[in-house]
Amino acid sequence: MHDPKNRDSLELLYEVSREFAAALDLRTVLHRVLFLSMRSVGGVSGSIIVLDSEGQPVDTAFLIVGQTHDRTMLQLRTTYEQGMAGWVAKNRQAVLIPDTSQDERWLHRPDDAHERTGPKSAVSAPILARDDLVGVITLVHPQPQFFTQDHLELVKAIADQAGIAILNARLYAESQHQAQVMTAVAKSAAVITASLDLRDVLQRILNQIPRALGAQAARLALVDAEKNELEYRAFTLKGQQRAIGLRVPFGRGIAGWVAMQGQGIIVPDVANDPRFAPDVDKLTSFESRAILCVPIQSEGQVIGVLEAINPETGSFDEQDLLILNGISSMAGTAIRHAQLFASLEAAHSRYRDLFEDSIDPILITDLDGYILEANHQAEAMIGLEKSQLRALSIEMLHDIDWEKVGEKFENLVLGHTVSYEAVLRAEQKRRIPIQVFVRSLQNDGVNNLQWILRDISEGKKLDQLREDLTAMIYHDLRSPLANVVASLGVLASMPAAPQQDESVASLINIALRSTQRIQRLTDSLLDINRLEAGQAIGNRKGMAPAELIADAVEAVLPASQSRKIQLIKHVESSLPQVFVDADMIRRVLINLLENALKFTPAQGKIQVGAKRDDDAVLMWVKDSGPGISKTDQERIFEKFTRLSAEGPRGLGLGLSYCRLAIVGHGGKIWVESETNDGSSFMFTLPLMGKALQDPTQDQAKV
């Protein structure tokens with residue numbers, strides 16, 4: 001047995017100190033210390049386990065008969081936690097074990113069984129630097145009782161010398177590791193953020209992982225929050241591409257666990273981890289052995305997971321976890337940006353499709369009215385290309401209704417549409433009647449104006465045709481019709497001959513009533529044109545409301561009797577006279593009564609009445625029909641309006657005439673109705689002697 005002398009010890013310590021100063025690489029320092037210790041103290045194997053500031057093993061050097069051997073992190077942790085090195089570190093006390101077979105602090109592994117290697121002798125000491133534990137050194141000799149107390153003291157002296165050097169080398173290694181992490185992350189950042197296409201971004205993220213971690217494969221899944229699932233979207237290996245689109249629920253597999261927990265995990269052996277699910281492996285015929293998985297987060301939410309699989313070194317470590325977390329951090333931002341960009345592009349595409357495919361011409365202008373964009377329909381209608389239109393303002397194409405849009409378009413509240421009619425000044429001196437719809441909208445955060453120019457040429461032609469037809473009716477039919485009415489009146493008043501059948505008199509009365517109805521229609525058409533032109537009502541005189549109602553009821557009585565509909569009058573007694581054109585108001589009442597007869601079922605009731613209402617008389621006609629919806633109540637007084645094609649036929653002019661006639665007299669007309677509860681048409685007329693409203697003002701409101 002070799003007994004170290006003082007001189008040998010000093011020479012050893014000097015040589016050890018010199019070796020420490022010669023290198024900063026941690027592995028180099030550890031190997032030199034072990035080599036010198038084993039050469040001077042003895043032993044066939046030795047190890048140094050390096051600890052971090054938290055007391056956890058981070059590196060090791062292991063020599064057997066002068067040859068370097070590597071141990072995995074799993075082996076290192078097992079040796080440290082269950083063996084003699086762990087006991088030394090925990091107690092910070094050097095230990096001499098003459099016979100390892102007799103000491104429970106020695107870890108007996110399968111390759112160290114008694115029948116294979118036999119008892120041994122071991123010596124171990126803590127490595128301290130400024131009272132901080134930085135490692136443990138252990139030497140082993142195959143001969144029991146080989147090491148003595150002198151050997152232990154020498155190992156302790158070497159450990160004291162090695163403390164500062166190992167600490168410096170460890171800090172240097174940590175700084176190097178940190179630099180490697182930062183370099184890997186920086187390289188990944190430059191590549192990942194170079195695109196905004198989501199598919200390209202996902203593939204760029206994955207391509208960094210094998211390079212940065214030395215992994216055989218990598219894969220990425222995104223969260224579907226609505227279904228609580230992960231969807232695999234990208235793989236590095238071509239053979240795994242067939243698993244794209246595979247979905248797994250939250251909580252299933254390593255990736256599902258990470259998505260739920262929101263934290264990274266190292267799985268050194270998936271076969272022994274109950275969380276592992278072989279879904280992807282079965283689909284791709286790939287074997288996963290070790291997995292490093294981290295969540296991808298954005299704005300505090302897990303939006304996906306990254307997996308690195310099967311490292312070249314056999315196992316992942318904390319540094320790998322740090323690198324993958326760094327890549328994941330950038331991936332979250334890049335993926336969110338790509339998703340937002342894709343959503344924005346899709347929205348722009350939808351808007352562009354709607355914009356270009358619209359059947360109406362559309363122009364986009366700034367808030368000063370200068371044209372920024374035009375669709376194909378606008379180009380075709382105006383006769384100019386987009387480049388030419390962009391040199392114009394909207395005011396150059398038509399006269400803007402400033403009263404409606406407001407000065408500097410101040411009336412155009414975001415989302416509210418203003419409409420008016422105008423004439424478009426197109427190329428080749430064409431003039432096109434248009435309905436303009438203009439509203440304010442936001443485009444990429446900038447307020448613009450959208451102008452829809454709807455061609456109403458056909459509608460105008462139809463309106464002109466209707467007006468021509470109306471003019472023809474009251475110009476060409478009114479005079480001969482008056483002759484027919486007069487002739488029938490004479491026949492009806494002549495005394496009946498003895499031989500004349502009563503049926504002839506009845507037929508004459510029917511013809512007389514029918515021609516009188518046609519005459520009322522032609523008179524109403526004439527009045528509509530006159531009132532719309534702003535002509536004042538001239539033939540006005542005082543009339544009793546009761547007399548007007550009685551005349552109207554008498555005109556419609558035969559029609560009500562044929563359908564057994566009861567006409568009920570409610571006329572307030574002692575009503576003052578109204579100042580009206582009696583024929584026009586009589587026709588208003590007849591129109592309302594005939595309208596009520598159309599919609600009142602057989603054997604129903606119609607009420608007509610009048611009462612005093614301040615400086616006016618309120619008159620009404622109430623039916624017991626199906627009623628009118630709130631929406632339809634707004635438009636029933638418009639010309640040529642019919643609520644249903646299945647209802648009673650007509651031109652849709654009766655109520656329009658009523659409104660023009662009542663407003664022309666300075667009164668008001670409206671309807672009160674509920675669905676399935678009948679309708680009440682109500683109007684007011686000024687009393688005799690009261691000041692009249694300016695008819696021109698009311699005409700403007702119609």
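This passage describes salt bridges and internal cavities in a predicted model.

Side chains of opposite charge can pair when their charged atoms come close. Across the whole structure, a search finds 18 salt bridges, and three of these pairs are described here in turn, together with one network.

In one pair, Arg-247 forms a salt bridge with Glu-229, and the closest N and O atoms are 3.0 Å apart. The two residues belong to distant parts of the chain, with Arg-247 in strand β9 (residues 247-249) and Glu-229 in strand β8 (residues 229-235), a separation of 18 residues. Arg-247 has a relative accessible area of 32% and is therefore partly exposed, since this class covers values between the buried limit of under 20% and the exposed limit of over 50%. Both residues of the pair also take part in a network of salt bridges, in which Asp-224, Glu-229, Glu-231 and Arg-247 are linked.

A salt bridge also joins the side chains of Lys-386 and Glu-373, with an N to O distance of 3.8 Å. Because Lys-386 lies in helix α12 (residues 386-389) and Glu-373 in strand β14 (residues 371-374), this pair ties together parts that are 13 residues apart in sequence. Lys-386 and Glu-373 are both buried.

Arg-425 and Asp-399 likewise form a salt bridge, their closest N and O atoms being 3.1 Å apart. Arg-425 is placed in strand β15 (residues 417-425), while Asp-399 is found in the loop between α12 and α13 (402-405), so that the pair ties together parts 26 residues apart in sequence. Arg-425, at 26% relative accessibility, counts as partly exposed, whereas Asp-399, with a relative accessible area of 55%, is exposed.

Attention then turns to the space enclosed by the protein. Rolling a probe the size of a water molecule over the atoms shows where empty space is left. The structure holds 3 cavities of 30 Å³ or more, and the largest cavity has a volume of about 110 Å³. This largest cavity is lined by 14 residues, of which Tyr-232, Gly-253, Ile-254, Ala-255 and Ala-277 are the closest to its centre. Helices α8 (253-261) and α9 (279-284) each supply at least two residues of that lining, and α8 gives the most, with 4 residues. When the lining of the largest cavity is divided by class, 8 residues are nonpolar, 2 are polar and 4 are charged.

Notes:
Residues are numbered from 1 along each chain as its sequence is written. This is a predicted model: local features need pLDDT of at least 70, side-chain atom pairs count only at pLDDT 80 or more; totals for chains, interfaces and linings use all residues. Side-chain values use heavy atoms; hydrogens and water are left out. A salt bridge is a side-chain nitrogen of Lys or Arg within 4 Å of a carboxyl oxygen of Asp or Glu. Buried means under 20% relative accessible area, exposed over 50%, partly exposed in between (1.4 Å probe, protein chains only). On a 1 Å grid over the protein atoms alone, a cavity is a set of points where a 1.4 Å probe fits but cannot get out, and a pocket is an open set with protein on both sides within 12 Å along at least five of seven lines; lining residues have an atom within 4 Å of a point. Grid points are joined across faces, edges and corners, and a volume is the space filled by probe spheres set on the points. Ala, Val, Leu, Ile, Met, Phe, Trp, Tyr, Cys and Pro count as nonpolar, Asp, Glu, Lys and Arg as charged, and the others, Gly among them, as polar.
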